[in-house]
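Work through the exercises below with the sequence and the structure in view. Each task is followed by a solution in steps.

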Amino acid sequence: MSAEAPGERLPAWRGIIRHYGAFLPVSEATPLVTLNEGNTPLIEAPRLSERVGAEVFLKVEGANPTGSFKDRGMTLAISKAVEEGAKAVVCASTGNTSASAAAYAARAGLRCAVLIPDGYIAIGKLAQALVHGAQVVQVRGNFDEALRIVRDLADKAPVVVVNSVNPHRIDGQKTGAFEIVDALGDAPEVHCIPVGNAGNITAYWRGYCQYREAGLATRLPRMLGFQAAGAAPIVEGRVIDRPETVATAIRIGNPASWYGASAAARESGGAIAAVSDEEILAAYRFLAAEESVFCEPASAASVAGLLSVGVPTGSQVVCVLTGHGLKDPDVAISQVQVPGAVEAAFEPVLDALGL
Ligand SMILES: *Cc1c(COP(=O)(O)O)cnc(C)c1O
């Protein structure tokens with residue numbers, strides 16, 4: 001292959017608000033709080049494509065500044081909070097929202113408080129919230145209970161909630177769909193995505209629809225959303241009181257955007273389905289070993305779902321990989337054999353390698 005244009009100055013990417021501001025509720029008066037999020041890679045997945053008989057692309061959202069798609073919504077939510085004169089923000093989180101809120105709040109000079117389910121947050125995400133200086137409260141309960149407390153706090157204290165019940169979060173997150181269409185030249189035929197609190201599937205569907213209305217896409221994808229089997233309230237049609245799954249980012253029993261997710265599936269001719277933890281972990285290992293993308297377990301639900309439901313031969317498919325694998329090293333290590341140490345000499349190393 002030939003190089004494209006070495007030495008040529010590339011136009012700088014300066015974040016989703018500057019690039020897609022025409023589709024966002026911002027004005028000259030909106031102060032921009034950005035870490036240049038977005039513009040994430042959309043990469044071909046040759047082995048996955050072969051397995052499912054389709055043309056599959058991976059949208060690698062772990063490449064965002066704090067390692068998950070939450071940054072797309074957070075840049076807008078925090079910018080608007082500053083515009084409205086807020087001094088403090090608060091969220092409940094399975095981990096990535098708190099990591100992102102902590103980083104963007106620090107950038108803006110806002111106080112940030114996060115409520116997380118005690119013992120059910122991946123260690124990388126807890127580290128992020130703490131190093132960025134958020135006040136972290138571990139709640140003896142699950143995400144749904146923490147979110148209820150956060151909503152009460154917002155009614156009684158001068159704080160802005162930056163969960164996806166904040167409409168700016170979903171508006172920022174829809175830019176993921178814009179980027180996919182800009183990269184492919186049109187919308188894909190099928191869009192696969194994990195579903196937890198269901199904000200992201202709602203956001204992508206809005207993004208695809210707005211782009212088509214604007215004449216920037218000619219078609220809309222079928223939206224396939226995947227919940228973990230132990231945390232599948234939309235699939236089962238009932239609130240799950242004690243959701244359980246290895247994919248902690250989607251361990252949610254009463255999604256805030258339940259309606260948005262159902263509407264996306266219905267209006268697009270798609271579906272919300274469940275995948276087991278075994279299927280999620282198999283897809284997680286496959287993505288790392290065969291496609292060289294290290295995502296977190298929840299992200300692999302989109303690929304586990306694609307493998308389980310299948311698509312018509314030759315379809316163009318995008319799977320969103322929502323967060324980076326380094327967020328949750330404990331799960332990664334549990335999925336591999338960690339080798340013991342050998343003596344620091346030539347022969348033992350040769351032996352260990354079987355050479
Ligand atoms: C937040 C999150 C999800 C779930 O997204 P929702 O908008 O809550 O449905 C999935 N994967 C990762 C890595 C996340 O951080």
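**Exercise 1.** Find how many residues surround the ligand, and sort them by class.

Solution. The model is predicted. Step 1: count a residue as part of the shell if one of its heavy atoms lies within 4 Å of the ligand. Step 2: this gives 16 residues, and the closest are Lys70, Asn96, Asn197, Ala198 and Thr322. Step 3: sorted by class, the shell holds six nonpolar, eight polar and two charged residues.

**Exercise 2.** Identify polar contacts of the ligand, and state how much of its area the protein buries.

Solution. Step 1: look for pairs of N or O atoms within 3.5 Å. Step 2: begin with the oxygen atoms of the ligand. One oxygen atom is 2.7 Å from a side-chain N or O atom of Asn96. An oxygen atom of the ligand also lies 2.8 Å from a polar backbone atom of Asn200. Step 3: a ligand nitrogen atom is 2.7 Å from a side-chain N or O atom of Thr322. Step 4: the ligand taken alone exposes 380 Å², of which the protein buries 97%.

**Exercise 3.** Where does the ligand sit, and which elements give two or more residues to its shell?

Solution. Step 1: the ligand sits in the largest cavity. Step 2: helix H9 (199–213) and helix H13 (297–309) each give two or more residues to the shell.

**Exercise 4.** Describe the largest pocket.

Solution. Step 1: its volume is about 180 Å³. Step 2: its lining includes Asp144, Arg148, Ile240 and Asn254. Step 3: by class, the lining has three nonpolar, two polar and seven charged residues.

Terms used:
Residues are numbered from 1 along each chain as its sequence is written. This is a predicted model: local features need pLDDT of at least 70, side-chain atom pairs count only at pLDDT 80 or more; totals for chains, interfaces and linings use all residues. Side-chain values use heavy atoms; hydrogens and water are left out. A polar contact is a pair of N or O atoms within 3.5 Å; within protein, one must be able to donate a hydrogen and the other to accept it, and residues adjacent in sequence count only if both atoms are side-chain atoms. Accessible areas come from the Shrake-Rupley method with a 1.4 Å probe; for residues, only the protein chains shown count as cover. On a 1 Å grid over the protein atoms alone, a cavity is a set of points where a 1.4 Å probe fits but cannot get out, and a pocket is an open set with protein on both sides within 12 Å along at least five of seven lines; lining residues have an atom within 4 Å of a point. A molecule sits in a cavity or pocket if more than half of its atoms lie within 2 Å of its grid points. Helices (H or I, at least four residues) and strands (E, at least two) are DSSP runs, numbered from the N terminus. Ala, Val, Leu, Ile, Met, Phe, Trp, Tyr, Cys and Pro count as nonpolar, Asp, Glu, Lys and Arg as charged, and the others, Gly among them, as polar. Grid points are joined across faces, edges and corners, and a volume is the space filled by probe spheres set on the points.
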